[in-house]
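User: I'm new to this one and would like a close look at a single part of it. Could you pick a strand in the middle of things and walk me through what surrounds it?

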Amino acid sequence: MPSKLQSNVNYGTVINCIDATIRLPVIEFLKFVWKVQWVIVINEAAPEKVLSEGKDAQAIEHIHQNIRASLGNQAQKRLAIVSHYGCNLNKAGDVEKKGMLRKAVDYLKNKYSGVEVLGIWVDKEGKPSNVG
């Protein structure tokens with residue numbers, strides 16, 4: 001395992017919810033989809049809600065600081081954001097959460113041109129899928 005970010009190693013970055021139950025499935029999914037060795041995880045409570053609503057300036061800036069730090073060391077720029085079933089911090093229904101996720105993906109694509117951005121939904125069984 002590299003001790004620091006190295007430009008010769010394949011990385012991707014994910015903005016994931018703080019819910020520990022979805023972390024490993026998301027990392028494994030992204031390693032497979034992106035064919036990367038490592039996935040840098042930015043943890044934020046209900047990140048799709050934070051970015052789609054745009055109300056919590058401090059949380060948004062924290063996310064952007066971490067994105068800039070992680071993308072700066074990646075040869076190929078890859079970024080994903082996650083939403084999931086049963087999130088205790090986003091009480092919206094699944095359809096509304098997926099809408100927030102798509103809005104957050106659009107926001108990130110506009111903010112970081114030239115970066116591949118994926119929206120990942122983790123369903124009731126803990127299975128991740130790409131929704132945008």
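Analyst: Lys35 lies over the face of Phe32, 4.2 Å from the ring centre. That's a charge sitting on a ring; as for rings paired with rings, the structure holds zero aromatic pairs. Keep in mind that this is a predicted model.

Now to the strand you asked for: let's take S3, which covers residues 78–84. How many of its residues are buried? Seven of its seven. Both faces are covered, too: on one side you'll find Arg78, Ala80, Val82 and His84, on the other Leu79, Ile81 and Ser83, and all of these are buried.

S3 has strands to pair with. Strand S1 (residues 11–16) runs parallel to S3 and is joined to it by three bridges. One of the pairings to look for is Ile15, whose bridge partner in S3 is Ile81. Strand S4 (residues 116–122) also runs parallel to S3, this time with seven bridges. Here Val82 stands opposite Ile120, and Ser83 has Trp121 as its bridge partner. To get from S3 to S4, the chain passes through helix H4 (residues 94–111), making a right-handed β-α-β crossover.

S4 is mostly covered as well, with six of its seven residues buried. Follow the chain on and you come to strand S5 (residues 128–130), which runs antiparallel to S4 and is joined to it by three bridges. Val122 stands opposite Pro128 in that pairing. S4 and S5 form a hairpin with five residues between them, and Gly126 in the turn has a positive phi of about 85 degrees.

So what do the side chains of S3 pack into? In soluble globular proteins, nonpolar side chains tend to be buried together. The largest nonpolar core here has 20 residues, and Leu79 and Ile81 are among those with the most contacts inside it, a group that also includes Ile15, Leu51, Ile67, Leu108 and Tyr112. Helix H2 (47–53), helix H3 (57–71), S3, H4 and S4 each supply at least two residues of this core, and the largest share, five residues, comes from H3. Leu108 is a good place to see it come together: leaving aside residues up to four places away in sequence, Leu108 touches Ile15, Leu51, Ile67, Leu79, Ile81 and Val117. There's also a second, separate core of 17 residues, and Val82 belongs to that one, along with Val14, Val36 and Val39 among others.

Definitions and conventions. Residues numbered from 1 in each chain as written. Predicted model: local features only at pLDDT ≥ 70, side-chain atom pairs only at ≥ 80, totals over all residues. Heavy atoms only, no water. Phe/Tyr/Trp six-rings, centres within 6.5 Å; stacked < 30°, edge-to-face > 60°. Lys NZ or Arg CZ within 6 Å of the ring centre and 35° of its normal. Buried < 20%, exposed > 50% of the residue type's maximum accessible area, 1.4 Å probe, protein only. Helix = DSSP H or I, 4+ residues; strand = E, 2+ residues; numbered from the N terminus. Pairing = 2+ DSSP bridges. Right-handed = clockwise from strand over helix to strand, strands pointing away. Core = buried A, V, L, I, M, F, W, Y, C linked by side-chain atoms within 4.5 Å. Contact = heavy atoms within 4.5 Å.
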